[in-house]
Amino acid sequence: MDIVIELRQLTKRYGGTTAVDDLTCTIEPGHVTGFLGPNGAGKSTTLRLILGLHEPSGGTVTVDGVRFRDHARGLRHVGALLDANDVHAGRSATAHLTALAVSNRIPRRRVAEVLAEVGLSAAARRRVGGYSLGMKQRLGIAAALLGDPPVLLFDEPFNGLDPEGVRWVRELFGRLAAQGRTVFVSSHLMSEMEHTADRLVVIGRGRLIAEERLADFAARSANPRVTVRTSAPTALAAALVGAGGAVDTDSTGTLTVTGLAAERIGELAAVRGIAVHELYTRTSSLEEAFMRLTADSVEYQAGEER
Ligand SMILES: Nc1ncnc2c1ncn2[C@@H]1O[C@H](COP(=O)(O)OP(=O)(O)OP(=O)(O)O)[C@@H](O)[C@H]1O
C-alpha cells in the first residue's frame, strides 16, 4: 500500500478545448481525497489520464512513481468506477464481474465477496439492464474492489444513490482509506464531499484552484459575519469601524459586521450604553464557500448569455 498518485503539469487538449490545464497535485494514501469542480471542469478527463486511457498532451501522471499503463497488475493495482452505465445490459452482475476477474487473473471467489460487500448478492443473477442507477453504481464499486487494489478512483459515485446508499458509500470509502488505500473521489457537489473526504483537490476549467485538508478549507472559508440589531445603529457602527470592523447597514438599520467577533461587538456596545436587541454569528456553509471559489470557472450559468 502507501501508494501516491502524482500529477505534474498535467495537460490534456481536445482540439481547441483545454480540458486539463497544467495540473499539479498529489493524492496521498490513507485518505479519501475529494476531487471537486463544476461540470466540465476536467475531472473525468483527469481520472482517465491517471488510468492511462488518454495520453496527456503535456506533463506526467504517475501511480506509485510509474505510469499506469506500465503497471502489469491492472485491476489488482488500481480499481476504478468511471461510468456506472458502462455495463453490458444483457449480462448478470455475476457474469460481468466473473469476466473481469478472469481477464485480470483475479480469483473467482472475489466475485461473490464483492457482491456481498456492496449489497447486491440477492440481485447477482438478474440482468444488469433491469438495475436502477443506484444498483449500477454499487456494481461499478464492486468491480473497482474486485482486485483488492491499493488505489481506488471513483467518478461521481453518489449519482443515483438513495440516502442509505450515500451513507453506505461514505462508510465504505472511510474504511478503504483507513486500510491505507489511496481513495480519489470526484464530485461536483461539496455537500457530497463534506462528510466523505478529508482532503480536497478543487479544479475549475482544468486548472487547480485548491489542494488542502477539508478542515483547513472549512476554517479558511467560514467567513463569519455578525448580524446586530440595535436602537442606535449609527453610533454603534461608528464604534465598530473604530475598533477595526467592516460594517454594512441595511435599510432597516440592521448591521452586518465582519472582522469582529460577537463578544467584542457586545462589549463595545455595553461600554457605550447602547442596547443590543439581537446579536448572532453566521458562517458560510462549505457549499457556499465552494461556489464562491469556483464561481469564475463555471462553464454555464443560469440566465447567462453566451
Ligand atoms: N473526448 C473529448 N473530446 C472533446 N472534448 C472533450 C472530450 N472529453 C471532454 N471534453 C471537454 O473537456 C472538458 C472537461 O470535461 P470533463 O468531462 O473531463 O469534465 P468533468 O469535470 O468530468 O465534468 P462533468 O462533471 O460534467 O462530467 C469539457 O469542456 C468537455 O466538453
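What radius of gyration does the chain have, and what would a compact globule of 306 residues have? The chain comes out at 24 Å, while a compact globule with that number of residues would be near 19 Å. Keep in mind that this is a predicted model.

**The chain as a whole**

Along its principal axes, the C-alpha trace spans about 80 × 45 × 40 Å. The secondary structure adds up to 10 helices and 13 strands. Of the 306 residues, 36% are buried. If you look at contacts with a separation of 6 or more, 70% of them join residues 24 or more positions apart.

**The six-stranded sheet**

Let's start with the open sheet made of six strands. Reading across it, the order is E5-E6-E7-E3-E8-E9, and the pairing is mixed. Strand E5 (78–81) and strand E9 (207–213) sit at the edges with a single partner strand each, so one side of each has no neighbour in the sheet. From one strand to the next, the twist averages 15 degrees.

At the E9 end, strand E8 (residues 199–204) pairs with E9 in the antiparallel sense, over six bridges. If you want to trace that pairing by eye, Leu200 has Glu212 in E9 as its bridge partner, and Val202 has Ala210 in E9. E8 and E9 form a hairpin with two residues between them. One residue to look at in that turn is Arg205, which has a positive phi of about 50 degrees.

Helix H1 (residues 43–50) lies across this sheet's strands E3 (31–36), E5, E6 (151–155), E7 (182–187) and E8. Relative to E6, H1 runs at about 150 degrees.

**The four-stranded sheet**

Further along the chain there is another open sheet, this one of four strands. Its order is E11-E12-E10-E13, and the pairing is antiparallel. The edges belong to strand E11 (246–249) and strand E13 (276–282), each of which pairs on one side only. Ignoring direction, neighbouring strands here are turned by 20 degrees against each other on average.

Within the sheet, strand E10 (residues 225–230) and strand E12 (residues 255–258) pair in the antiparallel sense over three bridges. One of these links is easy to find: Val228 has Leu255 in E12 as its bridge partner. Helix H9 (residues 262–271) packs on the sheet, where it touches E10, E12 and E13, and its direction makes about 160 degrees with that of E13. Helix H8 (residues 233–242) lies across E10, E11 and E12, and runs at about 160 degrees to E11.

**A helix pair**

Two packed helices are described by the angle between their axes and the distance between the axes. Helix H2 (residues 93–103) and helix H3 (residues 109–117) pack at an angle of about 130 degrees, and their axes are 9 Å apart. That angle makes H2 oblique to H3. The crossing of the two helices is right-handed. On the H2 side, the contact is made by Ala93, Thr94, Leu97, Thr98 and Ala101, and on the H3 side by Arg110, Val111, Val114 and Leu115.

**Positive phi values**

Most residues other than glycine have a negative phi. Here are some residues with positive values:

| Residue | Phi | Place |
|---|---|---|
| Asp22 | near 60 degrees | strand E2 (residues 17–27) |
| Asp148 | near 50 degrees | loop between helix H4 (133–145) and E6 |
| Arg205 | about 50 degrees | turn of the E8 and E9 hairpin |

Are the two aspartates buried or exposed? Asp22 has 15 C-beta neighbours inside 10 Å, so it counts as partly exposed. Asp148 also counts as partly exposed, because it has 15 C-beta neighbours inside 10 Å.

**A glycine in a loop**

Gly129 sits in the loop between H3 and H4. Is Gly129 buried or exposed? Gly129 is exposed, because there are 12 other C-beta atoms within 10 Å, and a residue counts as exposed at 12 or fewer. Leaving aside neighbours within four places in sequence, Gly129 is in contact with Ala89 and Gly90. Gly129 and Ser92 are 37 residues apart along the chain, and their C-alpha atoms are separated by 8.5 Å.

Notes
Residues are numbered from 1 along each chain as its sequence is written. This is a predicted model: local features need pLDDT of at least 70, side-chain atom pairs count only at pLDDT 80 or more; totals for chains, interfaces and linings use all residues. Two strands pair if DSSP finds at least two bridges between them. Axes are lines fitted to C-alpha atoms, for helices over the stretch in contact, and angles run from 0 to 180 degrees between N-to-C directions. Two residues are in contact if their C-beta atoms, placed from the backbone, lie within 7 Å. The radius of gyration is taken over C-alpha atoms; the globule rule is 2.2 Å times the number of residues to the power 0.38. A residue is buried if 20 or more other C-beta atoms lie within 10 Å of its own, exposed if 12 or fewer, and partly exposed in between; C-beta atoms are placed from the backbone. Angles under 35 degrees count as roughly parallel, over 145 as roughly antiparallel, 65 to 115 as roughly perpendicular and the rest as oblique. A crossing is left-handed if the near helix is turned anticlockwise from the far one by less than a right angle, and right-handed if clockwise.
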